[in-house]
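Hi everyone, thanks for coming. Please have a look at the next slide, and then I'll talk you through it.

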Amino acid sequence: MRIKSLPDQLINQIAAGEVVERPSAVVKELLENSLDAGADQVSIEIEQGGVRLIKIRDNGSGLHHDDLSLALSRHATSKIGSLDDLEQVASLGFRGEALPSIASVSRLTLTSRSAASEQAWVLEGEGRERLPEVKPASHPLGTTLDVRDLFFNVPARRKFLRAEKTEFGHIDTVVKRIALSRFDVAFRLSHNGRQLFQWPVSDSTLGSERRVAGVCGEAFMQAARFFEHDAADLKLWGWLALPSFSRSQGDMQHFYVNGRVVRDKVISHAVRQAYADVLYHGRQPAFVLFLELDPRSVDVNVHPSKHEVRFRDSRRLHEFIRRTLKKVLADSRVGESEAAVLKATPLQQASEPLPRLSQQSALTLPSVKPSPSPSQLASQSRLYSELAKSLPFEKKGEKNQILEPKLAVQQEEHPLGYALAQLHGVYIVAQNNDGLILVDMHAAHERITYERLKTAYAEQGIAREPLLVPLSLNLSEAEVNAAEQHQSVFSELGFELDCIGAEQLRIRQIPALLHGSEVEKLVQDVLADLLMFGETERIQAAMNEVLSTMACHGSVRANRQLNLSEMNALLRDMEQTQRSGQCNHGRPTWTLLSMQELDTLFLRGR
């Protein structure tokens, strides 16, 4: 068969297979055009999940009369004009493919008026190759795109569409994600004549938080911390949920690069590393984050959907994101942003309960109180008795030996308040100005001990253990080259590696803390990280896992009886310890029942 040129209409329909995957893709492309046109009011009307109608109206700059027909031509755009423009593109759209692709598979009506024109103009198309003439119309400043009968002339594609509810769910997600990227734009969405939401322009932090709460829910906002961080030409800001507000899926992860919704493996890996040590196994973090950088540092011309990007210096960006988020989480001590922290517990997440603990990480809570030996009891008591000496408590009632805080101390405000009692030898019951606090005694002490072990280990340096019989690894040439290139990284972490061939590596020395571990597999995983991301924390994570186990076994156990002074000393330690809201396994260490919640529970005030 001879080679021949394809008709323009068929070319557009082929392109539509990538750009117009489903109705939500149409909504995304048209909304991006509205934002690029400078609109601050956007209305979206949907019928039958977008199959029957997608109507988007904005008050942007509009289209010139002579540009209407050109707008439906392939690769016609006002956003770039040269390769230099493409390499630093700041607009959401730039390919010039969306409108002609949509017009080729639907009945499209484009109505627009620019500021330079006193007359609006309309162009109608029905999936034909030749478009009719532009006609005068009545329309305010801006543009309205009316897309009807999507895929009417491509029945095979239409058969692949899901149910109306499913398709509209994708549209709802797209609109909300874009609405989160532009707080300076008002959005209104309706489906089958029913308005679902209308968000006004936000010019304050409070207004922005209301929109975030509208998308992610009030529980997210109560558990989230707002932050901003600048470093040279990079800026990261947004809302980061505490680890105790976790999800079973990554459905509440919104990341924007220069206002564009993106999905990127470098970013995802950096976020996962930031949440290491504090997130429950298998759970997903929640966040709304915005990264701002020089447009020349990111390549958005990777895929027609423009969801994927490529960074010029991905290693530097990975480290910036990881360090920033890790610091935000580490600084989330008890007492900082109490209103958010105190509410950030799974008690308010009835729809997203934490899974049961695995056998490996679950605590064994015996029904019969064990009888520890005198030496064990003395060792455990000494841990908090020393700290309790400095707290001014007085005895009331010599018989029961009940300790109560003196009035002067009780008036001093502490985020976790003061202990009242111990419940079944497992929980500490405390009271603060907001209500009742419950603390998992073992989980809280486990985190405190773990953080102290990490600090001590970092200060003392890494103990090294030479191997009597070196371990040999067969690797790829790229992995061996990475090992040679990052010799200093391995050396700092206690490893000594020798390259004994183009595809062979020998391990002569390991960190003493990793004695008995699967060192060969660990080194391979580290090299894989270095090849992909330019850095790794796997070795540190493996050593932290050992320290975590030591902390778990060295913490106060269930049914260990503490007096009030020891319990209060534990509460004060929690307030001073990083990441004290979660134990080493990611479980919450404490929760608050506010006076309002207690009043509601007992129907007070009704």
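I'll begin with the whole chain and then turn to one sheet and its helices.

Keep in mind that this is a predicted model. The protein chain has 606 residues, and 48% of them are buried. Its secondary structure comes to 21 helices and 24 strands. If you take contacts between residues at least 6 apart in sequence, 71% of them join residues at least 24 apart. As for the surface, the chain exposes about 30,600 Å², with carbon and sulfur atoms supplying 49% of that.

Now, the sheet. In what order do the eight strands of this open sheet run? Reading across, we get β5-β4-β3-β6-β2-β1-β7-β8, and the pairing is mixed. The edges belong to β5, residues 135-137, and β8, residues 194-199; each has a single partner strand, so one side of each has no neighbour in the sheet. From one strand to the next, the twist averages 15 degrees.

Let's zoom in on one pair. β1, residues 41-47, and β2, residues 53-58, run antiparallel and are joined by six bridges. If you'd like a spot to click on, S43 has R57 in β2 as its bridge partner.

And which helices go with these strands? Helix α2, residues 23-36, lies across β1, β2, β6 and β7, and runs at about 10 degrees to β2. Helix α7, residues 164-181, also packs on the sheet, where it touches β1, β7 and β8. The direction of α7 makes about 175 degrees with that of β7.

That's my tour, so over to you for questions.

Key. Residues numbered from 1 in each chain as written. Predicted model: local features only at pLDDT ≥ 70, side-chain atom pairs only at ≥ 80, totals over all residues. Heavy atoms only, no water. Pairing = 2+ DSSP bridges. Helix = DSSP H or I, 4+ residues; strand = E, 2+ residues; numbered from the N terminus. Axes fitted to C-alpha atoms, helices over the stretch in contact; angles between N-to-C directions. Contact = heavy atoms within 4.5 Å. Buried < 20%, exposed > 50% of the residue type's maximum accessible area, 1.4 Å probe, protein only. Areas by Shrake-Rupley, 256 points an atom, 1.4 Å probe, with all protein chains shown as cover.
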